[in-house]
Amino acid sequence: MSDNGSPPLAHREMDPETFRRHGYAMIDWIADYLAHAERYPVLSQVSPGYLRRALPEQAPEQGEPMERIFADFQEQILPGITHWNSPTFFAYFAITGSGPGILGELLAAALNVNGMLWRTSPAVVELEDVALGWLRELLGLPSEFDGTINDTASTSVLYALAAAREAAPGLRARELGLSGAPRLRLYQSQEAHSSVDKAAITLGIGQQGIRKIPTDAEFRMDPAALRAAIQEDLAAGWQPFAVVATVGTTSTTSVDPVPAIADVCAEYGLWLHVDAAYGGTAAILPERRWVLEGCERADSLVVNPHKWLFTPIDCSALYCRRPEVLKQAFSLVPEYLRTSEPDGIKNLMDYGNALGRRFRALKLWMVLRWFGQEGLRALLREHLRLAQQLAERIDAASEFERLAPVPFATVVFRYHPADVADEAELERLNAALLERLNTSGEVFLSHTRLPGGQYALRVSVGNARTEQRHLDRLWELLQQTACTLPRGTIAAVGG
Ligand SMILES: Cc1ncc(COP(=O)(O)O)c(C=O)c1O
């Protein structure tokens, strides 16, 4: 205890002056970090368990000064960070936050509100409505699409499929015992994201309830095969209930033919969910509106501003044409959460499994306002240009082969020297190339496997700070490193 009887400083909530001092220091650090993120190895170079070994086994008995905590953040935590902020992060779907998004997160953290009910923070509910309304209009989606923000597209598809099941005849979830459940079938292409499978498993539909529809030469769902599968399942006593189409598949960014799929859904009365988590954002460009063609007929659609709209993770927008069905699937109000607000007030807890809701709309609203429609379009166009240019370089190089169309800003390709025809050897060479590039710390790429079995490399451009020079260097590295790979079947991956 101090002289005046209060607990020592470190045991109390931070006073405003101390908060201000450390806050300024951290903001300074963040500004420098963002400006120079490429100084760090993009892929973390630590080995498993490094942090467990470095940190004490127990929480400190006495509070510690923030200077020491911040120093440890820099010395111990930072080496274990893979820098998604780096302009040479080209793996998976490259993403960025942005200054306005980070500041939005900061304010949301300071307010620390839980937007579960309208009354627990009216602005959380109403700003979500406004920001998602703006985004809906930017994407060209119809006004009846009602949006809610979830953490991820994985959660959004889980909620969408729960609504789809709710909408199916005789299938109100809360009235079903597991034993009474019919044999439900869900359709998706063989290239759909694994989050759809996880959602089906979580909902008790199981993997046996999923039918994966074959794709065409450009990795798009075949609507004729979809119709045939539904007919076959109906004849065998299954109950088809939903189709998931993808706009921008994870592996090759292919775009399923949504208009034709919507026709099939209309014919059989099935819920159509569109996973536009990555690719949907491109529709803010008038010249790419076509990517969401037919999506106005979807029952639900997900697009992730945290993927390609400069909003810090996490922020996934789920649009639903029949929000009352989503609400019916999830609304369950215990006494302590009953309120006297008039009908028509939206309580976010009614639109998903989570009761608590972060104030995610704040960062999205700040991003939309800071960049403006023009600014966002300019950034996306630059990413598309850089990806297109890489695709052209690959097409023009005899030792490289592009393996998929490039409708967005992701290029799928492989190193393919003229004298190597064996698929296993090509895989070994490309895996070795990937390993060398990634361990260099200069760039970070990822890989995929195509339906035909080919191992492919992926470069995704999505960072607000990625410039021409970064793509030039990547292309140089790809060519130089490929030339030095040991050839022959005894070459070890990474050797
Ligand atoms: C097409 C697609 N859908 C869904 C997801 C899942 O995204 P999230 O991490 O938001 O759950 C991904 C992830 O990359 C994706 O590529």
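In the strand pairing around β9, Arg 402 stands opposite Phe 413. This is a predicted model, in which local features need pLDDT of at least 70 and side-chain atom pairs count only at pLDDT 80 or more, while totals for chains, interfaces and linings use all residues. Residues are numbered from 1 along each chain as its sequence is written.

Strand β8 (residues 400-402) pairs with β9 in the antiparallel sense over three bridges; pairing calls for at least two DSSP bridges between the strands. Helices (H or I, at least four residues) and strands (E, at least two) are DSSP runs, numbered from the N terminus. Strand β11 (residues 455-460) runs antiparallel to β9 and is joined to it by four bridges, with Ser 460 as the bridge partner of Thr 410. Six of the six residues of β9 (residues 410-415) are buried, so the strand is largely enclosed by the rest of the structure. Here, buried means that 20 or more other C-beta atoms, placed from the backbone, lie within 10 Å of a residue's own. Thr 410, Val 412 and Arg 414 point one way from β9, and Val 411, Phe 413 and Tyr 415 the other.

Turning to the interior, the largest nonpolar core (buried Ala, Val, Leu, Ile, Met, Phe, Trp, Tyr and Cys residues joined through C-beta atoms within 7 Å) holds 125 residues, and Leu 272 is among those that touch the most other members. Helix α12 (residues 361-396) gives the most to this core, with 14 residues. A kink of about 85 degrees in α12 is centred on Gly 372, the bend being the angle between axes fitted to the seven residues ending there and the seven starting there.

Conventions
A residue is buried if 20 or more other C-beta atoms lie within 10 Å of its own, exposed if 12 or fewer, and partly exposed in between; C-beta atoms are placed from the backbone.
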